[in-house]
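Here is a walk through one protein structure. Keep the sequence and the 3D view side by side as you read.

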Amino acid sequence: MKLAKKISMAVVVVLLILGAVAYFMYQQVLNYAKTPLNLTQEKIFTVPAGTGRVAFETLLVDEKVIDPSYQFQWLLKLRPELAKIKAGTYRLQPDMDVEQMLALIASGKEAQFTIRFVEGNRLSDWTNTLRDAPYLKHEAEDKTQTELYAFIGFEGDGALEGWLYPDTYLYTAGTRDLDILKRAHQQMKKNVDEIWQGRDKDLPYKNAYEMLIMASIIEKETGVDSERNQVASVFVNRLKKNMRLQTDPTVIYGLGDKYRGKIYRSDLDNYTPYNTYRIDGLPPTPIAMPSLASIKAAAHPAKTDYLYFVANGTGGHTFSHSLNDHNRAVKVYRQIEKQNDK
């Protein structure tokens, strides 16, 4: 009997010891979960598809996100909700601990990247922006023009210039550049269609495309929101009077790589399809990606009899009804330029 009691007591003691050890280890693992990551700045971390628990830990150690520890695998066993490793690219912050990092990856909330298409930029500028964007899958350059247009849903006969909406777009790693272009085109098409339907009815445009061309010219002529409708009125008035637009940004666009930072008399005299000092009416395509404000201005120009405008030296423009008034405004602007050059 005494032996049996001694054995029972020994078993109890062993179990208590084992329980205490288990509890201690359990607490150690829980404490490990609160260990800060080895980061001093934000880190973009990618978990490849098919990554298992051991490979995941190896990847974290190799990337110096965490230090090697037997407790990592125990944490995944004790907290199975943290072990749901989802492939993707994540944004790890220096103030995160191991638990927060695992929770983020288990949530599948991948890092969002941004790409900004600036109003007034050309298609060539946007192409460079796409090419330089991180974590995008670049496929657009491998497509023919026909394939590209079909993918993004562009139904026009001419150039894509002007048909992409300037905005900031969010994307996750692995997104195709084609999908960004498609979103930008669909948004621009939607805006143009809606604004065209609600346009003023006495405009000298044959179709929505001509309104878009006008909007691109307005975009390049002024960045002052309060002036857009007045600039639009000048060009609309000139079109109605069969006057040439004579706008420098179209000349610059037509020069392409030949533009030398300044327009010379020879540039104005030489013919290109975009030289509105030589051609009648609008140029054949937009000359930039216009903002929503410029499209609205093209659809709803101010009611004026202005036919001219010139920079006023303070960021805006002076608008004139007659050539004499315009010439005086030009003279004032040139005097301001000379003073600024001193």
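The text below goes from a strand pair to a single glutamine and then to the nonpolar cores.

The model is predicted. Start with strand β1, residues 43–47. Its side chains alternate. K43, F45 and V47 point to one face and are buried. I44 and T46 point to the other face and are not buried. The partner of β1 is strand β2, residues 88–92. The two strands run antiparallel, joined by five bridges. At K43, the residue standing opposite is L92 of β2.

Turn next to helix α3, which spans residues 71–78 and includes Q71. Is Q71 buried or exposed? Its relative accessible area is 11%, under the 20% cut-off, so Q71 counts as buried. Beyond its neighbours within four places in sequence, Q71 is in contact with Q28, V29 and Y32.

Now the cores. The largest nonpolar core has 56 residues. Those with the most contacts inside it are I115, F117, V192, Y205, M211, M214 and I295. Several elements give two or more residues to this core, among them strands β3 (113–116) and β4 (168–171). Helices do so too, including α7 (177–197), α8 (208–221) and α12 (292–299). Where does this core lie with respect to domain 2 and domain 3? Domain 2 (112–192) and domain 3 (200–304) both give residues to it, so the core lies between them.

Look closer at I115. Leaving aside neighbours within four places in sequence, I115 is in contact with T129, L130, A133, L136, D167, T168, Y169, Y171 and I180. Another core, of 24 residues, lies apart from the largest one. Its members include L37, F56, L60 and A83.

Note on methods
Residues numbered from 1 in each chain as written. Predicted model: local features only at pLDDT ≥ 70, side-chain atom pairs only at ≥ 80, totals over all residues. Heavy atoms only, no water. Helix = DSSP H or I, 4+ residues; strand = E, 2+ residues; numbered from the N terminus. Buried < 20%, exposed > 50% of the residue type's maximum accessible area, 1.4 Å probe, protein only. Contact = heavy atoms within 4.5 Å. Pairing = 2+ DSSP bridges. Core = buried A, V, L, I, M, F, W, Y, C linked by side-chain atoms within 4.5 Å. Domains from an automatic or database assignment.
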